[in-house]
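Dear colleague,

I am passing on the structure we spoke about, with some notes on what was found in it. Please keep it open beside this message as you read.

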Amino acid sequence: MTREPRLEKRAFLLRIVRTLLIVSGVAAAYYVTGRAIVALGAPPNGAITTVWLPSGITVAALLRFGRWPAAGAFIGSLALDCRMGTPLTAGILVAIANSGSEYLCYKMMTGGASALRRLEIRSVARLLIGSLVASLLSAAIGVTAYVSFGVIPAPLYLSLLITWFGSCAVGIVLVAPFLICTLDDWSAAAGGVRRLEFAATLAALACAAFLWQGPTLSHEAHEPLVVAVLILFLWIAYRFPTTAMAGAVFLFATATVGGAVLRVAKEPQETAFIAIFGLQLILAGVAVFGYLLASLVSAQRRATEGVRLAAKVYETTSEGIVVTTPEGAIIDANSAFEQITGYPRAEVLGQHPSFLRSDRHPMEFYKSQVHALLTLGEWQGEVWYRRADGTLFPGWMSLTAVRDAKGTITEFVGILSDITELREAQTKLLDSARHAGMAEIATNMLHNIGNVLNSVNVSAGSLQARVHASKVAGLTKASTMLKANAERLPDFLLNDPKGKLLPDYLEKLATTLSAEQQEILEEVGRISRSIDHIKDIVATQQSYAGASTLVEMVQVRTLLEDALRMNAESLTRHTVTVVRDFRDVPEIPLDKARIMMILVNLIRNAKHAMGKVTDREQILTLRLRLAEKEGGRALQIAVQDVGEGICEENLTRIFAHGFTTKKDGHGFGLHSCALAASEMGGTLTAVSAGPGRGATFTLELPVQV
């Protein structure tokens with residue numbers, strides 16, 4: 001068995017063990033607490049039945065662990081009824097009623113334990129509604145089952161129904177939040193000296209609750225105790241964490257039931273049900289009051305903290321914030337606004353923000369701002385402003401219209417950022433990128449010049465060899481011979497054996513020298529053309545290196561021809577046929593230096609890719625298109641070769657920094673090209689049918705035509 005199946009089996013067994021522990025734990029807790037309450041709830045201590053702890057424990061477990069605690073509640077309830085001698089059928093019905101109603105309460109509380117832990121108004125309301133519905137269902141089914149099987153006499157049906165309903169509801173409302181908001185949670189949150197303060201507050205609350213429901217005080221003394229209880233709850237809500245209220249409510253209920261036990265013990269048995277139900281109403285009311293109070297105080301704390309944090313951000317942020325009336329009068333500005341503009345806050349209050357305007361924007365620019373604010377509710381963009389000392393600076397302004405519940409604009413809020421440093425850094429970055437592109441073009445230019453110089457060197461060597469091997473020396477010898485026989489020249493040419501050969505020799509020599517002259521002229525022509533090519537390459541490079549702006553109107557067809565011209569010598573030497581598939585494209589604004597860098601790289605790479613191909617003609621195809629896209633038009637320049645191709649796994653890696661398939665490659669070229677395309681808002685992609693089947697690189701740039 002492999003490692004993964006073993007781990008899965010182990011995890012499965014652990015889940016089973018965990019589920020069994022949860023079910024058995026809830027069943028045991030249900031049985032033990034139920035036995036204790038039943039034992040203590042017999043007259044004269046019937047007040048103990050005010051709170052049915054098992055229901056609260058089960059709901060808390062359901063919120064914490066999911067659906068499986070319902071099975072534990074069923075087992076615990078059935079075991080409890082069987083222990084009390086209830087018929088099995090009745091016990092099963094009661095167990096179904098208890099566990100089913102508690103599960104229903106759990107399902108009605110969306111958000112689980114985390115929602116209840118915050119004691120928000122919504123979660124408290126759902127807890128109360130869920131407990132009432134669940135308790136009514138449990139009481140109706142349970143009491144009916146008991147009466148039907150003779151466990152309790154029929155005359156007690158209504159009384160038992162009311163107390164069952166109340167004890168179950170109160171048990172859920174009191175116990176579930178207490179167990180979810182654990183003792184460690186709220187006691188640790190108090191911490192240090194406040195923990196002692198919290199303990200003293202709880203002790204006072206317990207004493208007041210015990211005396212309030214106890215039998216020792218007269219009815220007239222109850223009102224001050226009620227006031228004391230309310231004050232203590234207010235103190236706990238405002239002084240301690242929200243979760244502390246769950247513990248305070250549970251302690252109050254414990255002390256209240258303790259006092260009621262002594263009081264009910266002295267009352268006639270026939271009034272016990274009424275006393276118990278009255279106590280249930282008190283406990284439920286106090287619990288809901290405490291939870292809602294804690295929730296409201298918590299919401300107030302969050303709102304106060306939010307206002308405090310917003311005020312802190314308002315004053316400490318590096319962005320200038322200005323608030324105006326709908327008419328444009330400034331009603332507030334933060335300290336960052338003073339630092340950015342140089343105007344003191346007291347000086348700008350009541351003024352219109354137009355005093356910051358510079359002469360860099362026409363009035364139509366500001367009118368478009370107002371129009372966007374009134375129609376769209378916001379505007380943002382780069383604006384040049386004037387500081388108090390008269391200097392101009394670029395800023396990024398975000399304007400927002402604030403509306404009331406009726407949709408009426410009440411204020412305008414502007415957030416201003418000084419982007420001077422950003423603009424300087426961007427300029428340096430663009431210059432660096434442009435210089436990097438020029439360096440790539442210059443490197444390619446030098447490479448091509450080197451190729452041309454090799455041709456010049458070969459032609460010069462050939463010319464030198466022809467001069468050394470020239471037959472012009474024979475002409476010198478013939479001239480010397482004629483000078484030596486000048487006085488008898490006719491006799492020499494007609495009768496001398498050497499003289500007779502001289503005319504034929506001169507004729508042949510003239511033919512040979514004429515051929516030599518033609519060959520030398522051709523070599524000189526090749527040298528001249530190579531020198532002109534070098535001049536052309538240098539001139540083309542200088543035209544890009546000398547570009548004064550980064551973006552300018554460009555005729556893309558000319559750009560492609562320049563890129564081919566820079567690679568012409570190399571393409572010719574490798575017998576590469578260039579196919580131009582150009583569509584009509586008007587002049588468009590482009591960063592031609594970067595595009596030239598990309599094209600030079602792509603053409604050179606295509607030439608290298610076809611260098612090892614010997615079974616077919618080497619064809620380089622350049623395509624130029626203006627395509628329609630969803631967001632507008634896009635310029636597409638494709639460089640296609642019939643070379644060695646690209647395998648599928650390398651198509652996604654070929655633009656990565658440092659990746660190369662060449663032995664002497666550095667892996668920077670295509671990576672820098674992809675970055676340049678991205679910086680221009682476009683993409684550079686590669687497509688190949690596989691090894692040996694060529695590749696196509698496509699540069700796509702968004703354009704405004």
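The hairpin of β3 and β4 has 5 residues between its strands, and within this hairpin G390 takes a positive phi near 95 degrees. Please bear in mind that this is a predicted model, and that every value here is computed from it. The two strands, β3 and β4, run antiparallel and are joined by 9 bridges, and R386 stands opposite L392 in β4. The hairpin of β4 and β5 likewise has 5 residues between the strands, and here G407 is the residue with a positive phi, near 90 degrees. Between β4 and β5, which run antiparallel, there are 9 bridges, and G395 has D418 in β5 as its bridge partner.

These hairpins belong to an open sheet of 5 strands in the order β2-β1-β5-β4-β3, whose pairing is antiparallel. At its edges stand β2 (330-333) and β3 (378-386), each of which has a single partner strand, so that one side of each is left without a neighbour in the sheet. From one strand to the next, the twist averages 25 degrees. Towards the β2 edge, strand β1 (residues 320-324) pairs with β2 in the antiparallel sense over 3 bridges, with I330 in β2 as the bridge partner of T324. Helix α15 (residues 363-375) packs on this sheet, where it touches β3, β4 (392-403) and β5 (409-418), and the direction of the helix makes about 150 degrees with that of β3.

Further along the chain there is another sheet, again open and of 5 strands, in the order β7-β9-β10-β12-β11, but here the pairing is mixed. Its edge strands are β7 (577-582) and β11 (683-687), each of which pairs on one side only, and the twist averages 15 degrees from one strand to the next. At the β11 edge, 5 bridges join β11 to β12 (residues 695-703), the two strands running antiparallel, and V687 has T696 in β12 as its bridge partner.

Two helices lie across this mixed sheet. Helix α20 (residues 556-566) lies across β7, β9 (619-629) and β10 (632-641), and runs at about 170 degrees to β7, whereas helix α22 (residues 592-609) lies across β9, β10, β11 and β12, and runs at about 30 degrees to β10.

What does the largest nonpolar core consist of, and which residues have the most contacts inside it? This core has 44 residues, and those with the most contacts inside it are L590, I595, I598, L620, L635 and F697. At least two residues of the core come from each of α20, β8 (588-590), α22, β9, β10, α23 (669-679), β11 and β12, and α22 gives the most, with 9 residues. If residues up to four places away in sequence are not counted, I598 touches C673, A676, A677, M680 and L699. Apart from this core lies another, of 40 residues, which includes V170, L202, L283 and Y291. As general background, nonpolar side chains in soluble globular proteins tend to be buried together.

With best regards

How values were computed. Residues are numbered from 1 along each chain as its sequence is written. This is a predicted model: local features need pLDDT of at least 70, side-chain atom pairs count only at pLDDT 80 or more; totals for chains, interfaces and linings use all residues. Side-chain values use heavy atoms; hydrogens and water are left out. Two strands pair if DSSP finds at least two bridges between them. Helices (H or I, at least four residues) and strands (E, at least two) are DSSP runs, numbered from the N terminus. Axes are lines fitted to C-alpha atoms, for helices over the stretch in contact, and angles run from 0 to 180 degrees between N-to-C directions. Contact means heavy atoms within 4.5 Å. A nonpolar core is a set of buried Ala, Val, Leu, Ile, Met, Phe, Trp, Tyr and Cys residues joined through side-chain atoms within 4.5 Å. Buried means under 20% relative accessible area, exposed over 50%, partly exposed in between (1.4 Å probe, protein chains only).
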